[in-house]
Structures are given as C-alpha cells and as structure tokens.
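Dear colleague,

Please find below the structure that I am handing over to you, shown together with its sequence. My notes on what was found in it follow directly after.

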Amino acid sequence: MNELALALSTLKEIKIEESFNIQEGERKRYKYAEGKGWEILLMVWGNNSQTPIHDHNGSKGWIRIIKGNLVERCFDKNPIYQIEKLLGLGTDSYIDDSIGTHQIVNPFQSVAVSLHLYSPSICNCNVYDENSKKWQIQNLVNHSFEGNFVK
Ligand SMILES: [Fe+2]
C-alpha cells in the first residue's frame, strides 16, 4: 500500500490543462498509476458523453470529480432504474457489484474530469445492451497520456 499512498500524494500536484482535445460525445480513459491489486485512472468526459450501463466485474470502485459535473444513474442487475444523482465538483462516490450497476453521464456543456481508484484492477466488465436487453463482456481500453496533462 506504500505505492498507493505515493500515487495519491502525487495526485495533489496534477495540473490539468484546459484542453484534452476531447470532442462532444467522446470520453477518454487514462491509466495514471497502478500497483499490486489496484489502479488509478483519469477519465475525461466530453459533453453529451456517457458510459453504457455496466458492472465492475468484482472490483471495488471509488470516484472523485475533479473538474466539472457528472450524473450517475444507479441500477440493479436487471437493470431496473433506481436513482439518479448529481456528482458535482469534489464529490466522492463508491460502487461495487453488491450495490448494483451504474451508468455515468455528462449531460452538461462543459468537459468533466474524474479520478477512479479500482481494487482489484479492472480490464473488462459486463455492459448492458439496451437494444438486445442482454449483458455482454467488454474489454476496457486505455488511451495514452499524449501529453495531455502533466503532474
Ligand atoms: Fe463504473
């Protein structure tokens, strides 16, 4: 856990540049740090971007909003819609599969940035296809840093 403490301490020094070259409807996923049994990701959300409804494949997930605002829609496994909550700047939230599934949405006009800690690391998860009403496994792909933010 020393690696985790070190990674978290460096996060305080991240300076996020205004532009991530992110387009409307686009979201990007950057791996910031990882260690044995955990990873930290930075996610950038263009306006009108969203995840599919998904689980976390046994991983515990913490999220903090560090720029802009997002909305979290929480579901059970069916999925039956439960609640929608605003994740405003500075908000922390937590999810694991015992709580349910969720979908994160940026319905706002501004770019949002969130920080995610997963334990264990998550490389695929089950996503819900709203057309076929079926769950299917999906691999998660990271973007490269591309010099888009500095620490
Ligand atoms: Fe999630």
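Among the contacts in the protein chain with a separation of 6 or more, 69% are between residues 24 or more positions apart. Please bear in mind throughout that this is a predicted model. The chain has 151 residues, and 42% of them count as buried. Its secondary structure consists of one helix and 14 strands. The accessible surface amounts to about 8300 Å², and carbon and sulfur atoms contribute 51% of that area.

The iron site

Which residues of the protein bind the iron ion as donors? They are His54, His56 and His102, each through its NE2 atom, at 2.1 to 2.2 Å from the ion. Along the chain, these donors follow the spacing H-x1-H-x45-H. Two of them link distant parts of the chain: His56 sits in the loop between β5 (53–54) and β6 (60–67), whereas His102 belongs to strand β10 (residues 101–106), and 46 residues separate the pair. Both His56 and His102 are buried.

His54 is part of strand β5. With a relative accessibility of 11%, His54 counts as buried, because the cut-off for that class is under 20% relative accessible area. If neighbours within four places in sequence are left aside, the residues in contact with His54 are Thr101, His102, Cys125, Asn126, Val127 and Trp135. One of these contacts, His102, is also a donor of the iron ion.

The UniProt record, in an unreviewed entry, lists His54, His56 and His102 under "binding site". These residues span 49 residues in sequence, yet no two of their C-alpha atoms are more than 9.2 Å apart, so they gather at one spot. His54, His56 and His102 are also included in the lining of the largest pocket.

Aromatic pairs

The structure contains three aromatic pairs, and two of them are described here. In one, the ring centres of Phe75 and Tyr81 are 5.9 Å apart and the planes stand at 70°, so this pair is edge-to-face; the class applies because the angle is over 60 degrees. Phe75 is buried, with a relative accessible area of 7%, while Tyr81, at 44% relative accessibility, counts as partly exposed.

The other pair is formed by Tyr128 and Trp135, whose ring centres lie 5.2 Å apart with planes at 55°, so the pair is tilted. Tyr128 counts as buried at 11% relative accessibility. Trp135, at 27% relative accessibility, counts as partly exposed. Trp135 has already appeared above, as one of the residues in contact with His54.

The loop between β3 and β4

Two asparagines in this loop deserve a mention. Asn47 lies between β3 (38–45) and β4 (49–50). Is Asn47 buried or exposed? Asn47 is buried, its relative accessible area being 14%. Leaving aside its neighbours within four places in sequence, Asn47 is in contact with Glu24, Gly25, Asn106, Phe108, Gln109 and Ser110.

Asn48 is found in the loop between β3 and β4 as well. Its relative accessible area of 41% makes Asn48 partly exposed. The backbone of Asn48 has a positive phi of about 65°, although the residue is not a glycine.

Further backbone features

Asn57 also has a positive phi, of about 50°, and is not a glycine. Asn57 lies in the loop between β5 and β6, which is the loop that holds the iron donor His56. At 38% relative accessibility, Asn57 counts as partly exposed.

Where does the chain have a cis peptide bond? Such a bond joins Ser119 and Pro120, with omega at about -5°. Pro120 is located in the loop between β11 (112–119) and β12 (124–129).

When you open the model, I would suggest beginning with the iron ion and its donors His54, His56 and His102. From there, the contacts of His54 lead to Trp135, and Trp135 in turn leads to its ring partner Tyr128.

With kind regards

Definitions and conventions:
Residues are numbered from 1 along each chain as its sequence is written. This is a predicted model: local features need pLDDT of at least 70, side-chain atom pairs count only at pLDDT 80 or more; totals for chains, interfaces and linings use all residues. Side-chain values use heavy atoms; hydrogens and water are left out. Donors are N, O and S atoms within 2.8 Å of the metal (3.2 Å for Na, K and Ca); water is not among the atoms, so sites may look incomplete. Helices (H or I, at least four residues) and strands (E, at least two) are DSSP runs, numbered from the N terminus. Buried means under 20% relative accessible area, exposed over 50%, partly exposed in between (1.4 Å probe, protein chains only). Contact means heavy atoms within 4.5 Å. Accessible areas come from the Shrake-Rupley method with a 1.4 Å probe; for residues, only the protein chains shown count as cover. Rings of Phe, Tyr and Trp (its six-membered ring) pair if their centres lie within 6.5 Å; planes under 30 degrees apart count as stacked, over 60 as edge-to-face and the rest as tilted. UniProt positions are given in the numbering used here, feature names are shortened, and annotations may be inferred rather than shown by experiment. On a 1 Å grid over the protein atoms alone, a cavity is a set of points where a 1.4 Å probe fits but cannot get out, and a pocket is an open set with protein on both sides within 12 Å along at least five of seven lines; lining residues have an atom within 4 Å of a point.
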